[in-house]
Amino acid sequence: KPQTLPLTFFDLVFWDVPPVQRLFFYDNADLLGAPEFLLHELRLFEKSLAAALHHFYPLAGTLVCSIPEAGAPEVVFSDGDSVRLTVAVGGDDFQDLAGDHARDTARLRPLLPSLPRHGGGGGSRCRTQDVFAVQLTVFPHAGLCIGTTLHHAVADGSSYVHFMRTWAAIHRLGPGCGGKWAAVDAPPLLDRSVVRDENGLREVFLRDHRAHEAAGGKRLHGWDLGQRPGAAGLATFRFTEKLLRGLGRQVESETTARRCSPYALACGAVWAGIVHARGSNASFGFVTGCKPRATPPVPGNYFGNCLGLCRVGKEEEAKPSGGLTAATASAAIWLAIEGLAEQGRVFRDARGWVRLVREYASARAVTVAGSPKLGVYAATDLGAPWGRPRKVEIVSVERTGALALAESGRDGDGGIEVGLALPRGEMEAFRAFYHDLVSHSVVVLTAARRDVLEFGVVLDRGEDIFMPAPSSQR
């Protein structure tokens, strides 16, 4: 008999958001080709993936394609369900695809699986769709790329990385490791009763979605660069600890903020750069982890969405495009983050979250995907012969207007890496802005006294996005 997992109000916020698509590039020059991979490696990937899905079984389920007229969407799953695993051979340049420079997003899309649709011809009028899919693309004499596609209404970044960390741990230890992987991570908590909805947000969000569909509203295409003429590129910009210290000094000298997290510094700089590249204003929004902010707190191993939407003050959005600097943008983001310390502040405007997502999409607002705190590079260490990925990309930012944040994947580099998808002209303008930022930060640091180099940068606190659960809950 099929089982169901209801979507909470946290899940419904992301109902219409495009699927989250990530790529993990693993170096392995000793990989001869597809036959060798199929003979020696594929079975290990299949077994470890199946073992991980045994604990995260909703990922093998399906969701309806549209909000039902009565009731609420549920993830439906039963014994024997599976996740589609595609194996392909890549003919592109692996080293180039895994680089930091701008790459045409059309070259990356073939590495990503689609979510199978069922009923209604499998198109836009489908009845149900899978919620998770995986693709392994083999690059002979170069390496392996793992691509995943996830329906955002099923899990947020923290829950997704929980799954990937479990899969990687089982793969490292071997599918026959039994429960040894549990020493790496706690099993997922699927109990929806831990999410309280005292204000009836679930019904509010369902009404908003139904009203939008009744009005003939389309999915969120406002952000999608694939719908616009011309090629879009995806590039990575690195904010090293040295650069972040320089940006912190700028915030200190140009604003009233006395400190700023690395997250706020990197996001503020990129936000200002995008405004500069577009030549017009852009709103900025981000998400914050609500597990420790809910009443009562949601356990850290809860599997699903548990994020709140936050927006930066409108006074920053109203500034002319030339008036928003990296320093003022970073200070504005930090002010919004500090405001979350107030009890219940994150939920104050929660009734408008679904409408805010649509508003941001239509206005091409700048948002954030991922977080350095997720530790995605360390989480996806597959062990020999693959090790940690050399590069992780969130390719779906092409469709969501988001900055893709992660901890730096380079050993000993520190800092934050930011993936960014922009049309070609905007990318060139942003790159020039970024290089000016780096040059200016070097000058600022050179002029600063040695004993105050780290003033203004909260290197050990962060912004509490995706805050880890207390050790007692792990």
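Reader: How many residues line the second largest cavity, and which lie nearest its centre?

Author: In this predicted model, 16 residues line the second largest cavity, and Val392, Ile394, Ala404, Leu405 and Ala406 are the ones nearest its centre. Strand 15 (391-394), strand 16 (402-407) and strand 17 (416-423) are the elements that give two or more residues to that lining. Strand 15 gives the most, with 4 residues.

Reader: What makes a space a cavity and not a pocket?

Author: A cavity is a set of points where a 1.4 Å probe fits but cannot get out, whereas a pocket is an open set. The second largest cavity holds about 130 Å³ of space. A search of the whole structure turns up 6 cavities of 30 Å³ or more.

Reader: How much space lies in the largest cavity, and which residues lie nearest its centre?

Author: About 490 Å³. The largest cavity has 31 lining residues, with Phe14, His152, Val287, Val368 and Ala369 nearest its centre. Several elements give two or more residues to its lining, including strand 2 (20-27), helix 6 (157-173), helix 12 and strand 14 (367-370). Strand 14 gives the most, with 4 residues.

Reader: How do the residues of the two linings divide by class?

Author: The lining of the largest cavity has 22 nonpolar, 7 polar and 2 charged residues. For the second largest cavity, the lining has 8 nonpolar, 4 polar and 4 charged residues.

Reader: Let's turn to helices. Why are helix 7 and helix 12 called oblique to each other?

Author: Helix 7 (residues 201-214) and helix 12 (residues 353-362) pack at an angle of about 40°, with their axes 8 Å apart. Angles under 35 degrees count as roughly parallel and 65 to 115 as roughly perpendicular. An angle of about 40° fits neither, so this pair is oblique. Phe205, Asp208, His209 and His212 in helix 7 meet Trp353, Val354, Arg355 and Arg358 in helix 12. That contact has 3 nonpolar, 2 polar and 3 charged residues.

Reader: And why are helix 8 and helix 9 called roughly perpendicular?

Author: Helix 8 (residues 241-254) and helix 9 (residues 262-278) pack at about 80°, with axes 10 Å apart. That angle falls in the range of 65 to 115 degrees, so the two are roughly perpendicular to each other. Leu244, Leu247, Gly248 and Val251 in helix 8 meet Pro262, Leu265, Ala266 and Ala269 in helix 9. By class, this contact has 7 nonpolar residues, 1 polar and no charged ones. Gly counts as polar, and Gly248 is in that contact.

Reader: What is omega for the cis peptide bond from Thr295 to Pro296, and where is Pro296?

Author: Omega is near -10° there. Pro296 sits in the loop between strand 12 and strand 13. The bond from Ala384 to Pro385 is cis too, with omega near 5°, and Pro385 lies in the loop between helix 13 (376-379) and strand 15.

Reader: What makes phi of His141 worth a mention?

Author: Phi of His141 is near 60°, a positive value in a residue other than glycine. His141 lies in the loop between strand 9 (132-139) and strand 10 (143-150).

Reader: Over which residues does pLDDT stay under 50?

Author: Over residues 448-474, for which the model has 68 contacts beyond four places in sequence. pLDDT is the predictor's confidence in each residue, from 0 to 100. The chain's mean pLDDT is 87, and 84% of its residues reach 70 or more.

How values were computed. Residues numbered from 1 in each chain as written. Predicted model: local features only at pLDDT ≥ 70, side-chain atom pairs only at ≥ 80, totals over all residues. Heavy atoms only, no water. Axes fitted to C-alpha atoms, helices over the stretch in contact; angles between N-to-C directions. Parallel < 35°, antiparallel > 145°, perpendicular 65-115°, else oblique. Contact = heavy atoms within 4.5 Å. 1 Å grid on protein atoms, 1.4 Å probe; cavity = no way out; pocket = protein on both sides within 12 Å on 5 of 7 lines; lining within 4 Å. Points joined across faces, edges and corners; volume = space filled by probe spheres on them.
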